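Visitor: I am new to this structure and would be grateful for a close look at a single part of it. Please begin with one contact and follow it outward.

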Amino acid sequence: MDNSVGSPRRPETAVGCQLVTGRFRDAEANVAEAMSLAADLGQGLQVVVLTAISAWLAAVRGDTAAVEQQADVGLGDARHHEMAAAQATGARALTDLKSGAADAAPDRLDRVCDGPARPAR
């Protein structure tokens, strides 16, 4: 793809940098831009990946309704992108922790660590 036209991967890369540096508002703006571009280009799987990132950002904000709606996209997609599913599950676990339901978070995260997205051992 000609990157001069734009690619949803370009703002996604910026989002990764913004997430690790705590620039969450900037990350949200770039996720929204990348989701719109991916949708316009017919890149449905990229929309799923970006929606999972958006779910995690919603968890950071404390927007439980958005977490549930966006996590459902990542977890319900028939192509089951493992990293998107892991990030969506992580968003729900963060919501559990923030809402005082700390007992639920480890169960969610254990399922992620047992799947294909698990860290190398």
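Guide: In α1, the residues R9, E12, V15 and L19 meet Q46, V49, L50, I53, W56 and L57 in α3. Contact here means heavy atoms within 4.5 Å, and helices are DSSP runs (H or I, at least four residues), numbered from the N terminus. The model is predicted, so local features need pLDDT of at least 70 and side-chain atom pairs count only at pLDDT 80 or more, whereas totals for chains, interfaces and linings use all residues. Residues are numbered from 1 along each chain as its sequence is written, and side-chain values use heavy atoms, with hydrogens and water left out.

By class, the contact of α1 with α3 comprises seven nonpolar residues, one polar residue and two charged ones. Ala, Val, Leu, Ile, Met, Phe, Trp, Tyr, Cys and Pro count as nonpolar, Asp, Glu, Lys and Arg as charged, and the others, Gly among them, as polar. The axes of α1 and α3 lie 12 Å apart, and the two helices pack at an angle of about 25°. This makes α1 roughly parallel to α3, a description applied to angles under 35 degrees, while angles over 145 count as roughly antiparallel. The crossing of α1 and α3 is left-handed.

Several residues of this contact, including V15, L19, L50, I53 and L57, recur in the largest nonpolar core, where they are joined by A27, V31, A34 and A38 to give nine residues in all. At least two residues of this core come from each of α1 (9–20), α2 (24–40) and α3 (44–61). The most is given by α2, with four residues. Such a core is a set of buried nonpolar residues joined through side-chain atoms within 4.5 Å. Buried means under 20% relative accessible area, exposed over 50%, and partly exposed in between, with a 1.4 Å probe. One core member, V31, is in contact with V15, L50, I53, S54 and L57, leaving aside its neighbours within four places in sequence.

From α3 the path continues to helix α4 (residues 64–76). The axes of α3 and α4 are 8 Å apart, and the packing angle is about 155°. That makes α3 roughly antiparallel to α4. The crossing of α3 and α4 is left-handed. On the α3 side the contact is made by V48, T51, S54, A55, A58, A59 and R61, and on the α4 side by A66, V67, Q70, A71, V73 and G74. These divide into eight nonpolar, four polar and one charged residues.

Two residues of this second contact deserve individual attention. T51, in helix α3, counts as buried at 6% relative accessibility. Beyond its neighbours within four places in sequence, T51 is in contact with M35, Q70 and V73. A71, in helix α4, is buried with a relative accessible area of 0%. Not counting residues up to four places away in sequence, A71 touches A55, A66, A88 and R92. A71 and I53 are 18 residues apart in sequence, and their C-alpha atoms are 9.1 Å apart in space.

A final stop is K98 in helix α5 (residues 82–98), which is partly exposed, with a relative accessible area of 47%. Apart from its neighbours within four places in sequence, K98 is in contact with A59, V60, R61 and G62; of these, A59 and R61 also take part in the contact of α3 with α4.

Note on methods: Axes fitted to C-alpha atoms, helices over the stretch in contact; angles between N-to-C directions. Parallel < 35°, antiparallel > 145°, perpendicular 65-115°, else oblique. Left-handed = near helix turned anticlockwise from the far one by under 90°.
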